[in-house]
Amino acid sequence: MLDLSAAFDTIYHKTLVQRLENVFGIAEKPLEWITSYLQDRKQTVYINDVLSKPVTLKVSVPHGSVLGSKFYTMFTKPLGAICKDHGLQYHLYADDSQLYLSFKP
């Protein structure tokens, strides 16, 4: 089992945009919209009635959104090719990944 806990928080925006363009052929206005959607996202933490200063995120896609799930799937697409190249059997579903290896004891 390959545990990618908090997987949606590991998606680097720059790599995702490059992958959308180079692997999936998304270009021009649609790519600009996606880039705009991802850039300058901020995160704060609220603890004991104190709000932290906003931090700009270079990773992560919004959780619970249709686009977040789609972006994660598109971001991890090369994982299947890597497994195939190394003769591994695998199963991918959303952010759950399983690699199967068999060997003699």
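The paragraphs below go from the overall layout of this predicted model to its core, its helices and its salt bridge.

The protein contains 4 helices and 7 strands, and read from the N terminus these elements follow one another in the order β-α-α-β-β-β-β-α-α-β-β. With a radius of gyration of 17 Å, well over the 13 Å that the globule rule gives for 105 residues, the protein is more spread out than a compact globule. Along the principal axes, its C-alpha atoms fill a box of roughly 55 × 40 × 20 Å. Buried residues account for 24% of the 105 residues, and the accessible surface amounts to about 8,000 Å², with 57% of that surface belonging to carbon and sulfur atoms. If one takes the contacts between residues at least 6 apart in sequence, 52% of them join residues at least 24 apart.

The largest nonpolar core has 15 residues, and those that touch the most other members are Leu16, Leu20, Leu38, Val61 and Phe71. Helix 1 (13-22), helix 2 (28-38) and helix 3 (66-75) each contribute at least two residues to this core, and the largest share, 4 residues, is that of helix 3. Val61 illustrates how such a residue is surrounded: once residues up to four places away in sequence are set aside, Val61 touches Phe8, Ile11, Leu16, Leu38, Gly68 and Phe71.

Helix 1 can be examined by its two sides. His13, Leu16, Val17 and Leu20 are its buried residues, and, because they fall within an arc of 95° when seen down the helix axis, they line one face of helix 1. Lys14 and Asn22, by contrast, are exposed on the other side of helix 1. The cover over the buried residues of helix 1 includes helix 2 and helix 3.

Between helix 1 and helix 2 runs a loop, and Ile26 is situated in that loop. Is Ile26 buried or exposed? The relative accessible area of Ile26 is 19%, and since buried means under 20%, Ile26 counts as buried. Apart from neighbours within four places in sequence, the residues in contact with Ile26 are Leu20, Glu21, Leu31, Ile34 and Met74.

In helix 3, the buried residues are Gly68, Phe71, Tyr72, Met74 and Phe75; they cover an arc of only 165° around the axis, and they therefore sit on the same side of helix 3. The face turned away from that buried side carries Val66 and Lys70, both of which are exposed. As for what lies against the buried residues of helix 3, they pack against helix 1, helix 2 and helix 4 (77-85).

The last feature concerns charged side chains. A search of the whole structure finds 1 salt bridge, and a salt bridge joins the side chains of Lys29 and Glu32, with an N to O distance of 3.3 Å. Both Lys29 and Glu32 belong to helix 2, where they are 3 residues apart, about one turn of the helix. How accessible is each partner? Lys29 has a relative accessibility of 48% and counts as partly exposed, while Glu32, with a relative accessible area of 45%, is partly exposed as well.

Methods: Residues are numbered from 1 along each chain as its sequence is written. This is a predicted model: local features need pLDDT of at least 70, side-chain atom pairs count only at pLDDT 80 or more; totals for chains, interfaces and linings use all residues. Side-chain values use heavy atoms; hydrogens and water are left out. A nonpolar core is a set of buried Ala, Val, Leu, Ile, Met, Phe, Trp, Tyr and Cys residues joined through side-chain atoms within 4.5 Å. Buried means under 20% relative accessible area, exposed over 50%, partly exposed in between (1.4 Å probe, protein chains only). Contact means heavy atoms within 4.5 Å. The arc is that of the directions from the helix axis to the C-beta atoms. The radius of gyration is taken over C-alpha atoms; the globule rule is 2.2 Å times the number of residues to the power 0.38. Accessible areas come from the Shrake-Rupley method with a 1.4 Å probe; for residues, only the protein chains shown count as cover. A salt bridge is a side-chain nitrogen of Lys or Arg within 4 Å of a carboxyl oxygen of Asp or Glu.
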